[in-house]
Amino acid sequence: MNPFRLGRLHAAMQQAGADALIASSVENVYYATGFYSRSKKMVASVKVFALIAPDTQDVWLALPVCDLPTAREAGVDMARVIPYGTFYFAYAADQTGFSADIETAAAKSVPDAAQALAKLIASAAPKAKKVALDYAGLDGDFLITVLRMLPRYEFSNGLPQFQYARMVKEESETAALERAAQIAEDAVQATFQKLYAGISEREAAALYTQEITAHGAEPTFAVFTFGKRAAFVDTSNSAVNRLHCGDMIRADVGCGVEGYQADMSRSAALQKADPYMLQVYNAMREGQLAAIEAAAPGMPFSELYSLAMDKAHACGAPQYKRTHCGHSLGLNISEPPNIRPDCASLLEENMVLCVETPYYEIGWGGVQVEDTILITKQGCRLLTKTDSQFVII
């Protein structure tokens with residue numbers, strides 16, 4: 001277990017007054033163990049759990065039998081794994097002991113996820129009374145079953161504890177986030193240079209996806225909208241909306257590196273841009289830059305919001321309204337705290353944020369600029385490196 005992450009989780013557990021802290025989402029289990037359950041990511045009904053106890057450095061796992069090889073490959077100690085369900089593997093003899101480890105673990109499988117969770121708590125935290133259980137990866141029916149089956153425990157939602165632990169990043173997390181950011185922004189610039197009159201949004205997104213996969217990143221999302229559709233938020237890419245001379249282009253994209261996410265945006269136009277397009281974009285960019293330049297430890301998230309909004313209003317977009325101007329970033333594309341007017345949380349060193357000022361005007365279009373920053377001792381450092389000026393292709 002990573003010592004920094006374990007320390008953050010223990011601190012969060014202590015703040016909650018819990019005797020055990022249990023992850024249930026793919027991302028929280030990965031954060032605690034280094035094991036990423038693709039089966040849980042693909043099928044919501046699959047359950048995985050990672051338990052952290054306060055008086056030990058050990059982390060225990062409960063997972064479906066089909067996930068055993070992946071967990072073993074990730075370095076998980078099979079002696080601290082509670083498998084559940086039925087899955088049929090054949091086992092070949094090998095010199096490494098890998099096959100034997102999986103066979104031995106699978107033979108100890110319990111019938112279902114609820115029983116696996118019960119055994120997990122009993123094995124890893126036998127004296128626990130107060131259990132902070134991350135509800136994020138659970139459905140209501142399963143949670144009701146667990147509460148009825150395990151009345152001896154006082155359960156609370158442990159999701160806030162994982163959110164707290166994950167807010168501040170360690171070096172390997174920051175490195176993965178920076179790599180993802182740079183792949184995404186390079187792919188956007190390369191895609192812009194390949195756009196032409198007549199290309200569809202879907203074809204543009206496909207070009208972007210080719211770029212990121214060529215550089216080793218995992219596709220997550222790619223929104224390329226043209227003209228009036230640039231006002232469509234988090235939409236699907238149209239196969240019929242095609243790029244024309246003078247159209248605005250709004251690219252809002254991401255990718256993943258070792259589970260850590262990129263989320264950035266750039267705006268452009270084909271061959272020419274009208275004055276209003278440039279006026280609005282420049283106002284958005286000035287607002288975003290004002291927030292980035294001021295970001296430093298101890299500053300409230302709400303103050304970043306005010307700086308971005310006030311500057312955008314003063315620089316040519318007095319009509320601009322927005323509920324937030326960014327969010328934290330990590331294993332999820334959007335994590336708390338958010339850059340909102342009602343967020344009293346303070347910036348801390350080694351937080352990673354996306355700072356954004358998108359503008360959407362139905363019937364006209366939209367523009368967006370979004371960059372990723374790392375909070376440092378003295379201020380912040382941009383993880384996205386490319387110029388955010390409006391691009392004329």
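1. Let's begin with a term: two residues are in contact when heavy atoms of theirs lie within 4.5 Å of each other. Please also keep in mind that this is a predicted model. With that settled, a good residue to visit is Glu173, whose contacts, not counting residues up to four places away in sequence, are Arg5, Tyr31, Val168 and Tyr260.

2. Glu173 sits in helix H9 and is buried, yet it has no salt bridge. Which side chain of opposite charge is nearest to Glu173? That is Arg5, at 4.3 Å. A salt bridge calls for a side-chain nitrogen of Lys or Arg within 4 Å of a carboxyl oxygen, so the pair does not count as one. The side chain of Glu173 does reach the backbone nitrogen of Glu170, at 2.9 Å.

3. Arg5 leads us to helix H1, which covers residues 3-16. Arg5 is buried there, as are Leu6, Arg8, Leu9, His10, Ala12 and Met13. Where the helix starts, a side-chain oxygen of Asn2 comes to within 2.9 Å of the backbone nitrogen of Phe4. After H1 comes Gly17, with a positive phi near 70 degrees.

4. A quick check on the length of H1 is worth doing. Its 14 residues, at 1.5 Å a residue, should span 20 Å, and the end C-alpha atoms are 20 Å apart, so the two values agree.

5. Now for the interior. The largest nonpolar core has 67 residues, and the members touching the most others are Leu68, Phe192, Tyr208, Phe224, Val253 and Cys255. Helix H9, residues 171-194, gives the most to this core, with 9 residues.

6. Phe224 is a handy place to look around in that core. Neighbours within four places in sequence aside, Phe224 is in contact with Thr191, Phe192, Glu201, Ala204, Ala205, Tyr208, Asn237, Arg250, Ala251 and Val253. Another core lies apart from the largest one; it has 36 residues, including Tyr281, Ala308, Ala312 and Met351.

7. Met351 also turns up beside a loop residue, Leu346. Where is Leu346? Its loop runs between strand E11 (335-338) and strand E12 (352-356). Leaving out neighbours within four places in sequence, Leu346 is in contact with Gly298, Met299, Pro300, Phe301 and Met351.

8. Is Leu346 buried or exposed? Its relative accessibility is 43%, so it counts as partly exposed, a class that falls between under 20% for buried and over 50% for exposed. As for distance, Leu346 and Thr376 are 30 residues apart along the chain, and their C-alpha atoms are separated by 13 Å.

Notes. Residues are numbered from 1 along each chain as its sequence is written. This is a predicted model: local features need pLDDT of at least 70, side-chain atom pairs count only at pLDDT 80 or more; totals for chains, interfaces and linings use all residues. Side-chain values use heavy atoms; hydrogens and water are left out. A nonpolar core is a set of buried Ala, Val, Leu, Ile, Met, Phe, Trp, Tyr and Cys residues joined through side-chain atoms within 4.5 Å. Buried means under 20% relative accessible area, exposed over 50%, partly exposed in between (1.4 Å probe, protein chains only). Helices (H or I, at least four residues) and strands (E, at least two) are DSSP runs, numbered from the N terminus. The expected span of a helix is 1.5 Å times one less than its number of residues. A polar contact is a pair of N or O atoms within 3.5 Å; within protein, one must be able to donate a hydrogen and the other to accept it, and residues adjacent in sequence count only if both atoms are side-chain atoms. Lys and Arg count as positive and Asp and Glu as negative; His and the chain ends are not counted.
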